[in-house]
Amino acid sequence: MKVFHVNASPRGTISTSLETAEHFLAQLGTAKPIQIDRLNLFSGELPEFGETAAAAKMALFSGAEMSVSQAKAWADVRSVYERLEAADLLVISTPLWNNGTPYALKQFIDIVTQPGWSFGFNPSTGYAPLLTGRKAVLIQASGVYHENIQPGFGSDFNMPYLMDWLDFIGIELAGRIDFSPTVLNMDVNATKAETLAKAEALALAVAHNGERAHEVTG
């Protein structure tokens, strides 16, 4: 199984979302042979999608010739997409930032979500996903927000966004793991133990072709 692990936390080894993801991957690796491609979104290897890349995209669509710099920018963008395309399983570990998605994770999504790559379009029927046959696991850590918390303590716009994106490009959600809360928590060690147990159960489910994956999400 080829695994593409996208880490959206800049906190290194002290990141709870990353720690949970590494535990999940370790358990998955004991249950099934895996090959992991890791992308740290805050390491500087994610290409910019700015004026040059945007111009390259428009040149491609219009049939115009790209400049040298545009061709290089587009090749860099394509190389990130190809890592996603090659994966059987996508694992995203991310914090919840300001009720939403870390900017580097949004940048990654904007880079790989291109027409003809991850989705198609028909003027009569609309959008169509092109990355079917793959699965994904979403792992999120939140300092304060958690399910059923009072409205005054925030919202989660990140997980719904990621789940909608996966559906848009055709990747099936095998399960999600939430480590929350990590700050306003009188017994964070118990929450951590429960979260890692969920990661272990989900790893076994994914290793067995996703069977019972829905039973260990949350």
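This is a short walk through the fold of one protein chain, from its central sheet out to its helices and loops.

Okay, before anything else, please keep in mind that we're looking at a predicted model.

Let's start with the sheet. There's an open sheet of 5 strands here, and if you read across it the order goes S2-S1-S3-S6-S7, with parallel pairing. So which strands are at the edges? Those are strand S2, residues 35-40, and strand S7, residues 172-179, each pairing on one side only. On average, neighbouring strands in this sheet are turned by 15 degrees against each other, ignoring direction.

Zoom in on one of those pairs. Strand S1, residues 2-7, pairs with S2 in the parallel sense, over 6 bridges. If you want a landmark there, click on His5: its bridge partner in S2 is Arg38.

Now hop over to strand S3, residues 89-95, and find Val91. Is Val91 buried or exposed? Its relative accessibility is 0%, so Val91 counts as buried. And what is around it? Setting aside neighbours within four places in sequence, Val91 is in contact with Val3, Phe4, His5 and Val6, then Phe24 and Leu25, and also Val137 and Ile139. You can place those on the fold: S1 covers residues 2-7, helix H1 covers residues 16-31, and strand S6 covers 135-141. One more distance from this residue: Arg176 is 85 residues away from Val91 along the chain, yet their C-alpha atoms are separated by 9.6 Å.

Next, the helices that lie on the sheet. H1 lies across S1, S2, S3, S6 and S7, and it runs at about 155 degrees to S3. Helix H5 lies across S3, S6 and S7, running at about 170 degrees to S6.

H5 also has a helix partner. Helix H4, residues 103-112, packs with H5, residues 158-169, at an angle of about 15 degrees, and their axes are 12 Å apart. Anything under 35 degrees counts as roughly parallel, so that's what we call H4 and H5. H4 passes H5 in a left-handed crossing. If you'd like to see who's touching whom, H4 brings Leu105, Lys106, Phe108, Ile109 and Val112, and H5 brings Asn158, Tyr161, Leu162 and Trp165. By class, this contact has 7 nonpolar residues, 1 polar and 1 charged.

H4 has another contact, with helix H3, residues 68-85. Here the axes come within 9 Å and cross at roughly 95 degrees. That makes H3 roughly perpendicular to H4. On the H3 side you've got Val77, Val80, Tyr81 and Leu84, and they meet Phe108, Ile111 and Val112 in H4. What classes of residue are in this contact? There are 7 nonpolar, no polar and no charged. Do look at Phe108 and Val112 on screen: they're listed in the contact with H3, and they're listed in the contact with H5 too.

While we're in H3, have a look at Glu82. Glu82 has a relative accessible area of 39%, so it's partly exposed. Its C-alpha atom and that of Val112 are separated by 8.5 Å, with those positions 30 residues apart along the chain.

Away from that, there's a hairpin. Strands S4 and S5 form it, with 3 residues between them. S4 is residues 119-122, S5 is residues 126-129, and 4 bridges join them as they run antiparallel. The landmark pair to click on is Gly120, whose bridge partner in S5 is Ala128.

Last stop, some backbone details in the loops. Where is the cis peptide bond? It joins Ser180 and Pro181, with omega at about -10 degrees. Pro181 sits in the loop between S7 and helix H6, residues 188-207.

Then there are two asparagines with positive phi. Asn99 has a phi of about 70 degrees although it isn't a glycine, and you'll find Asn99 in the loop between S3 and H4. At 30% relative accessibility, Asn99 counts as partly exposed. Asn148 also has a positive phi, near 70 degrees, and Asn148 is in the loop between S6 and H5. With a relative accessible area of 74%, Asn148 is exposed.

That's the tour, thanks.

How values were computed
Residues numbered from 1 in each chain as written. Predicted model: local features only at pLDDT ≥ 70, side-chain atom pairs only at ≥ 80, totals over all residues. Heavy atoms only, no water. Axes fitted to C-alpha atoms, helices over the stretch in contact; angles between N-to-C directions. Helix = DSSP H or I, 4+ residues; strand = E, 2+ residues; numbered from the N terminus. Parallel < 35°, antiparallel > 145°, perpendicular 65-115°, else oblique. Left-handed = near helix turned anticlockwise from the far one by under 90°. Contact = heavy atoms within 4.5 Å. Nonpolar A, V, L, I, M, F, W, Y, C, P; charged D, E, K, R; others polar. Buried < 20%, exposed > 50% of the residue type's maximum accessible area, 1.4 Å probe, protein only. Pairing = 2+ DSSP bridges.
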